[in-house]
Amino acid sequence: MVTIPLGEEKTVFYVAKNLTNKPIVGTAIFNVTPAKVGQYFMKIDCFCFVEQKLQPGEEMKMPVSFYIDPKIYEDNNTKNLKEITLSYTFFKVNLSSEGKL
């Protein structure tokens, strides 16, 4: 859990590990819950913006920089909210027949 003041930029790290014996190229999609806060969650930089390559057994810390727009407390649907969850699904990218690892 991370606590930050509204409007303040924060960088957190997610960890991924390649549990296979082959290099893997992957990407991630994110989810913010509850959904009604998505418009106030502002990602500045994210590992999910580019594909990631992990070698066999490699573990990588992947950064996400974000802030919560202070306008969240001007919205009647979100002004009493105390917690936001950011989660990621990381999945393998299938390369074309011409793509090589």
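The following exchange concerns the strands, the disulfide, the largest pocket and selected prolines of a predicted model.

Residues are numbered from 1 along each chain as its sequence is written, and side-chain values use heavy atoms, with hydrogens and water left out. Because the model is predicted, local features need pLDDT of at least 70 and side-chain atom pairs count only at pLDDT 80 or more, whereas totals for chains, interfaces and linings use all residues.

Colleague: In what order do the three strands that include β2 form an open sheet?

Modeller: Strands here are DSSP runs (E, at least two residues), numbered from the N terminus, and two strands pair if DSSP finds at least two bridges between them. Strand β2 covers residues 24-33 and pairs with β4 over three bridges in the antiparallel sense, while eight bridges join β2 to β6, also antiparallel. The edge strands, each pairing on one side only, are β4 (52-54) and β6 (85-92). The order is therefore β4-β2-β6.

Colleague: Which residue in β4 is the bridge partner of isoleucine 24?

Modeller: Strands β2 and β4 are antiparallel. Valine 25 has lysine 53 as its bridge partner in β4. For isoleucine 24, the bridge partner in β4 is leucine 54.

Colleague: What is the average twist from one strand to the next in the sheet β4-β2-β6?

Modeller: Axes are lines fitted to C-alpha atoms, and angles run from 0 to 180 degrees between N-to-C directions. In the sheet β4-β2-β6, the twist from one strand to the next averages 40°.

Colleague: Which strands stand at the edges of the sheet that has the order β1-β5-β3?

Modeller: This open sheet of three strands has antiparallel pairing, and its twist averages 35° from one strand to the next. Eight bridges link β1 and β5, and five join β3 to β5. A strand with a single partner is left without a neighbour on one side, and that is why the edges are β1 and β3.

Colleague: Which residue in β5 stands opposite valine 12?

Modeller: β1 and β5 pair in the antiparallel sense, and alanine 16 stands opposite methionine 60 in β5. Lysine 43 also faces a residue of β5, namely phenylalanine 66. The residue opposite valine 12 is valine 64.

Colleague: Which cysteine does the disulfide join to cysteine 46?

Modeller: A disulfide is a pair of cysteine sulfur atoms within 2.5 Å, and a search of the whole structure finds one. Its S to S distance is 2.4 Å, and the link is right-handed, with 130° about the S-S bond. The partner of cysteine 46 is cysteine 48.

Colleague: Is cysteine 46 buried or exposed?

Modeller: Cysteine 46 has its place in strand β3. Buried means under 20% relative accessible area, exposed over 50% and partly exposed in between, with a 1.4 Å probe and protein chains only. Since its relative accessible area is 4%, cysteine 46 is buried.

Colleague: What is the volume of the largest pocket?

Modeller: On a 1 Å grid over the protein atoms alone, a pocket is an open set of points where a 1.4 Å probe fits, with protein on both sides within 12 Å along at least five of seven lines; lining residues have an atom within 4 Å of a point. Of the 18 lining residues, the closest to the centre are Val2, Thr3, Lys82, Glu83 and Ile84. The lining divides into 14 nonpolar, two polar and two charged residues, where Ala, Val, Leu, Ile, Met, Phe, Trp, Tyr, Cys and Pro count as nonpolar, Asp, Glu, Lys and Arg as charged, and the others, Gly among them, as polar. With grid points joined across faces, edges and corners and the volume taken as the space filled by probe spheres set on the points, the value is about 580 Å³.

Colleague: Which peptide bond at proline 34 is cis?

Modeller: Proline 34 is found in the loop between β2 and β3 (41-46). Omega is near -5° for the cis bond, which runs from threonine 33 to proline 34.

Colleague: What separates the C-alpha atoms of proline 70 and proline 5?

Modeller: Proline 70 lies in the loop between β5 and β6. It counts as partly exposed because its relative accessibility is 41%. Along the chain, proline 70 and proline 5 are 65 residues apart, and their C-alpha separation is 8.9 Å.

Note on methods: Helix = DSSP H or I, 4+ residues; strand = E, 2+ residues; numbered from the N terminus.
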